[in-house]
Amino acid sequence: MSTQSIGLSEALHEYLLSVSLREPAVMTRLREETAEHPKSNMQIAPEQGQFLRFLVRLIGARRTLEVGVFTGYSALAVAQALPETGTLVACDVSEAYTSVARRYWNDAGVADRIDLRIAPAHETLAALLDEGQAGTFDFSFIDADKERYDTYYEQSLELLRPGGVIALDNVFRDGRVADPDVEDESVRALQRLNEKLHEDDRVHLTMLPLADGVTLAMKR
Ligand code: CA
């Protein structure tokens with residue numbers, strides 16, 4: 001028994017997937033198409049997609065947010081876990097990436113649950129706040145430009161109801177957050193945010209060593 005999270009060898013990771021992954025065929029097809037994309041590393045891991053589906057069901061989320069859509073895998077995961085009347089406001093700046101996403105959302109029959117907004121995400125979230133939607137969302141998944149994570153976190157926190165959950169991806173930045181001398185500004189932004197969240201008593205907090213690190217913050 002170890003008191004520390006075990007590093008996953010390739011064999012153990014394969015095993016984890018072989019005994020736990022339940023990936024719908026449409027998601028497998030999207031993941032395979034995205035693997036050919038030059039920025040395929042922007043896609044979350046399949047076990048993360050399953051984790052998001054589980055989480056959305058666990059908290060009974062109906063109104064959800066996503067910051068950073070890329071080719072739509074995580075949005076597809078969340079949308080499939082929503083009830084038929086559920087909604088996902090999905091924020092991205094790229095028509096090119098999200099044109100792939102739309103195709104698969106249609107194939108999966110969940111396109112009508114997804115409200116894609118092509119604009120800088122902080123503007124979309126600010127617009128939702130201006131429309132008086134603070135406190136009305138259940139869940140937010142943040143996986144976009146790392147320098148703005150703190151902004152997305154603050155806006156999401158305002159938009160969430162008490163008990164709502166924010167999930168932040170890539171909080172490990174390939175392990176580079178553990179280097180105190182790192183100079184990469186995107187890594188430093190995550191270091192600052194991780195430290196801020198540690199002390200943030202507006203939320204309950206947990207950081208999971210899942211894929212590239214996922215932090216969950218539940219609004220008090
Ligand atoms: Ca990511």
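**A mixed sheet and its helices**

Seven strands come together here in an open sheet with mixed pairing, and reading across it gives the order S3-S2-S1-S4-S5-S7-S6. The model is a predicted one. At the two edges sit S3 (114-118) and S6 (203-208), each of them with a pairing partner on one side only. From one strand to its neighbour the sheet turns by 15 degrees on average, with direction ignored.

Within this sheet, S1 (residues 63-67) and S4 (residues 137-142) run in the parallel sense and share four bridges. One residue pair to look for is Glu66, whose bridge partner in S4 is Phe141. Things go the other way at the S6 edge: S6 and S7 are antiparallel and are joined by six bridges. Here Met207 is found opposite Thr215 of S7. These two strands make up a hairpin, with five residues between them. In the turn, Ala211 has a positive phi of about 50 degrees.

Two helices lie across the strands. Helix H6 (residues 121-130) lies across S1, S2 (87-92), S3 and S4, and its direction is at about 140 degrees to S2. Helix H7 (residues 149-159) covers another set, lying across S1, S4, S5 (160-169), S6 and S7 (214-219). Relative to S5, H7 runs at about 155 degrees.

Next come the contacts among helices H2, H4 and H5. H4 (residues 73-81) packs on H5 (residues 95-108) at an angle of about 25 degrees, and their axes are 10 Å apart. With angles under 35 degrees counting as roughly parallel, H4 and H5 are therefore roughly parallel to each other. Their crossing is right-handed. On the H4 side the contact involves Ala75, Leu76 and Gln80, while H5 brings Tyr104, Trp105 and Ala108. Sorted by class, the H4-H5 contact has five nonpolar residues and one polar residue, with no charged ones.

H2 (residues 25-35) also meets H5: their axes come within 10 Å and cross at roughly 165 degrees. That angle makes H2 roughly antiparallel to H5, and the crossing is again a right-handed one. Val26, Arg29, Leu30 and Glu33 are the H2 residues in this contact, and they meet Val100, Arg103, Tyr104, Asp107 and Ala108 of H5. The class count for H2 with H5 is five nonpolar and four charged residues, with no polar ones.

The remaining pairing in this group is H2 with H4, which pack at an angle of about 170 degrees with axes 10 Å apart. H2 and H4 are therefore roughly antiparallel. Val26, Met27, Leu30 and Arg31 of H2 make this contact together with Tyr73, Leu76, Ala77 and Gln80 of H4. By class, the residues where H2 touches H4 are six nonpolar, one polar and one charged. Some residues turn up twice in these lists: Val26 and Leu30 of H2 take part in the contact with H5 and also in the one with H4.

Finally, the structure has one aromatic pair. The ring centres of Phe70 and Tyr97 are 4.9 Å apart and the ring planes stand at 85 degrees, so this pair is edge-to-face. Phe70 belongs to the loop between S1 and H4, and Tyr97 to helix H5, so the pair ties together parts that are 27 residues apart in sequence.

Conventions:
Residues are numbered from 1 along each chain as its sequence is written. This is a predicted model: local features need pLDDT of at least 70, side-chain atom pairs count only at pLDDT 80 or more; totals for chains, interfaces and linings use all residues. Side-chain values use heavy atoms; hydrogens and water are left out. Axes are lines fitted to C-alpha atoms, for helices over the stretch in contact, and angles run from 0 to 180 degrees between N-to-C directions. Angles under 35 degrees count as roughly parallel, over 145 as roughly antiparallel, 65 to 115 as roughly perpendicular and the rest as oblique. A crossing is left-handed if the near helix is turned anticlockwise from the far one by less than a right angle, and right-handed if clockwise. Contact means heavy atoms within 4.5 Å. Ala, Val, Leu, Ile, Met, Phe, Trp, Tyr, Cys and Pro count as nonpolar, Asp, Glu, Lys and Arg as charged, and the others, Gly among them, as polar. Two strands pair if DSSP finds at least two bridges between them. Rings of Phe, Tyr and Trp (its six-membered ring) pair if their centres lie within 6.5 Å; planes under 30 degrees apart count as stacked, over 60 as edge-to-face and the rest as tilted.
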